[in-house]
Amino acid sequence: MSKLDLSQFEKKLIVRNMNQDDIPQLLKLQTLCFPNMEPWKEEHLKSHLAHFPEGQIVVECDDEIIGSCSSLIVNFDEYDDKHTWDDITDEGYITNHDEEGYNLYGIEVMVHPKFRGMKIGRRLYEARKDLARAFNLKSVIIGGRIPNYHKYEKDMTPREYVEEVRNHKIDDPVLTFQIMNGFSIMRINPNYLPDDVMSSKYATLMEWNNIDYQARSKRHFKTSYPVRIMVVQYMMKDIDSFEEFARQCEYYVDVAAEFGSDFAVFPEIFTTQLMSFLEEKVPAKAVRRLSAFTEDYIEMFTHLAVKYNVNIIGGSHFVEEEEQIYNISYLFRRDGTIEKQYKIHVTPNEKKWWGIQPGDAVKVFDTDCGKIAIQICYDIQFPELARYAVDQGANIIFVPFCTDERQGYLRVRYCAQARAVENQVYTVIAGTVGNMTQVENMDVQYAQSGIFTPSDFEFARDGIVGECNPNIETVVVGDVDLEVLRRQRKSGTVRQLRDRRRDLFDLEYKVKTEIKPERT
């Protein structure tokens with residue numbers, strides 16, 4: 001007898017994280033596992049990967065996916081005792097995943113019918129427990145089906161049925177398995193899954209406690225997370241040198257520091273004030289001469305952010321890159337690091353007079369006060385950009401703007417307030433005022449800068465934290481509370497982010513996108 005080739009008998013079983021290529025197999029697997037229930041849609045699984053890829057796990061056998069489980073992190077205390085599956089999953093999209101939460105919530109486990117009895121489900125449950133340990137979470141919580149209950153529904157209540165299963169007098173393929181895997185019953189929720197006829201829409205809420213959990217000070221419950229913002233309503237007037245411009249900027253950053261501000265916000269293209277001493281009347285030539293000050297501008301604000309310990313939204317500045325001119329807003333962090341956001345939508349005026357080119361990347365930046373986005377003037381008038389930024393975690397959208405008359409200003413203001421309401425986010429607008437009579441296309445300014453909130457009881461009555469008097473050189477200082485915002489998104493009078501009808505519409509972003517990594 002020849003030597004056996006053992007490889008022909010081997011089975012390659014792998015437990016790993018899900019990826020985009022797995023989606024078609026998973027959709028087919030679900031129809032096999034739950035033939036009488038509404039299956040996932042492709043956009044659900046893509047959303048899972050976008051919001052919590054670590055929580056999406058599959059079991060693969062010889063290159064075939066035979067099992068999977070999906071999870072998200074929540075702060076379970078924030079949910080109603082009688083929550084439904086739609087409540088806890090944001091209708092299956094897990095956009096409510098909370099990286100600061102305490103609990104891993106399991107929303108689905110499925111195993112191919114041909115592979116049941118091979119402890120595939122146990123492997124998936126162990127993977128969840130490992131995930132809870134890795135993320136230092138208090139517990140794993142699941143809403144479990146009781147698929148055999150329909151056989152006993154006429155003779156006993158759900159509580160009686162659960163007791164019989166717990167006492168091993170009745171076998172339930174899901175509940176029995178969960179009990180054997182160390183989960184304890186917390187309660188029974190009615191109407192948990194409306195299409196789960198076999199469970200008569202009931203589910204058992206069960207929990208496994210992570211005995212390795214270590215409480216950390218940074219995860220203590222916050223009653224408040226204030227961020228102080230100072231908005232500069234900047235006066236455009238003739239000056240004689242870059243040094244004079246720098247002195248004005250430092251004055252305002254100093255004022256921001258005196259107020260204990262976390263952010264100082266300057267207006268769009270306020271650096272065009274430098275054109276007042278360039279003696280160049282042709283706008284297309286003046287803008288290229290202005291771009292020569294880019295390094296001086298960046299060095300100045302980097303120094304000021306560190307010196308005064310204030311994060312600075314440096315308005316915006318015209319920058320030449322590869323012979324093209326862009327309108328770029330810079331974030332100068334107080335730790336000395338720098339980011340930039342290109343203006344995405346260029347106005348007809350900018351194209352006509354200066355030949356400005358559009359950027360093609362929507363960015364969300366991490367700061368020591370949470371994630372923020374910058375949308376320059378015209379960009380705030382395109383709601384898709386704000387929605388995308390908030391979906392990627394932005395809590396504040398800064399809007400440097402420059403408008404020459406009231407109608408233009410009101411377009412910026414009304415849209416900024418609309419974005420605050422529809423996205424449950426703070427918006428901040430900072431504009432220029434004054435006149436530069438000798439600078440072509442920058443001669444007249446109109447602004448009333450302000451800080452805006454969503455519209456609900458938790459916030460200022462009119463959705464306005466503070467605003468400047470119109471058309472004078474001044475500042476406005478106000479606090480926005482990120483903890484209040486977080487709670488309002490979860491339990492406000494209305495919840496625009498969670499109540500979106502993703503089954504009817506969604507947004508597809510074809511532009512390049514970039515999300516800056518978390519800073520430690």
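Buried here means under 20% relative accessible area. Keep that cut-off at hand for the exercises below, and remember that this is a predicted model.

**Warm-up: the whole chain**

Task: State how many helices and strands the protein chain has, and what percentage of its residues count as buried.

Solution. Start with the secondary structure: the protein chain holds 13 helices and 23 strands. Next comes burial, where 54% of the 520 residues fall in the buried class. For a sense of extent, the C-alpha trace spans about 90 × 65 × 40 Å along its principal axes.

**Exercise 1: strand β18 and its neighbours**

Task: Explain why strand β18 can be called largely enclosed, then find the strands that β17 and β20 form bridges with.

Solution.
- Step 1. Count the buried residues: β18 covers residues 426-430, and 5 of the 5 are buried, so the strand is largely enclosed by the rest of the structure.
- Step 2. Check each face. Y426, V428 and A430 are buried on one side, and T427 and I429 are buried on the other.
- Step 3. Look at the parallel neighbour. β17 (residues 396-400) pairs with β18 in the parallel sense over 5 bridges, and I396 is found opposite Y426.
- Step 4. Follow the connection. Together with helix α12 (residues 406-423), β17 and β18 form a right-handed β-α-β unit.
- Step 5. Turn to β20 (residues 450-452), which runs antiparallel to β18 and is joined to it by 3 bridges. Here T427 has F452 as its bridge partner.

**Exercise 2: strand β5 between β4 and β7**

Task: Decide whether the faces of β5 are covered or open, and give the sense in which β5 pairs with β4 and with β7.

Solution.
- Step 1. Burial first: 7 of the 7 residues of β5 are buried.
- Step 2. Both faces are covered, with S139, I141, G143 and R145 buried on one side and V140, I142 and G144 buried on the other.
- Step 3. With β4, the pairing is parallel and uses 4 bridges; N103 sits opposite S139 of β5. The chain passes from β4 through α4 to β5 in a right-handed β-α-β crossover.
- Step 4. With β7, the pairing is antiparallel and uses 7 bridges, and I142 faces M206 of β7.

**Exercise 3: the second largest pocket**

Task: Describe the second largest pocket by its volume, its lining residues and their classes.

Solution.
- Step 1. The second largest pocket holds about 1,400 Å³ of space. Its lining has 50 residues, of which F34, M37, E108, V109 and R145 are closest to the centre.
- Step 2. Assign the lining to elements. α1, α3, β4, α4, β5 and α6 each give at least two residues, and β4 provides the largest share, with 6 residues.
- Step 3. Sort by class: the lining has 25 nonpolar, 10 polar and 15 charged residues.

**Exercise 4: cysteines without a bond**

Task: Work out how many disulfides the structure has, and why C33 does not bond to C69.

Solution.
- Step 1. Recall the chemistry: a disulfide is a covalent bond between the sulfur atoms of two cysteines.
- Step 2. A search of the whole structure gives 0 disulfides.
- Step 3. For C33, the closest cysteine sulfur belongs to C69 and lies 13 Å away, so the gap is too far for a bond.
- Step 4. Add the burial of two cysteines: C33 has 11% relative accessibility and counts as buried, and C369 is buried at 4%.

**Exercise 5: positive phi and an exposed loop residue**

Task: Find where S200, I269 and E508 lie, and classify each as buried or exposed.

Solution.
- Step 1. As background, most residues other than glycine have a negative phi.
- Step 2. S200 has a positive phi near 55°. S200 lies in the loop between β6 and β7, and its relative accessible area of 16% makes it buried.
- Step 3. I269 has a positive phi near 35°. I269 belongs to the loop between β9 and α8 and is buried at 4%.
- Step 4. E508 lies in the loop between α13 and β23. With a relative accessible area of 67%, E508 is exposed.
- Step 5. Finish with a distance: E508 and Q357 are 151 residues apart in sequence, and their C-alpha atoms are 23 Å apart in space.

Terms used
Residues are numbered from 1 along each chain as its sequence is written. This is a predicted model: local features need pLDDT of at least 70, side-chain atom pairs count only at pLDDT 80 or more; totals for chains, interfaces and linings use all residues. Side-chain values use heavy atoms; hydrogens and water are left out. Buried means under 20% relative accessible area, exposed over 50%, partly exposed in between (1.4 Å probe, protein chains only). Two strands pair if DSSP finds at least two bridges between them. A crossover is right-handed if, with the strands pointing away from the viewer, the path from the first strand over the helix to the second runs clockwise. On a 1 Å grid over the protein atoms alone, a cavity is a set of points where a 1.4 Å probe fits but cannot get out, and a pocket is an open set with protein on both sides within 12 Å along at least five of seven lines; lining residues have an atom within 4 Å of a point. Grid points are joined across faces, edges and corners, and a volume is the space filled by probe spheres set on the points. Ala, Val, Leu, Ile, Met, Phe, Trp, Tyr, Cys and Pro count as nonpolar, Asp, Glu, Lys and Arg as charged, and the others, Gly among them, as polar. A disulfide is a pair of cysteine sulfur atoms within 2.5 Å.
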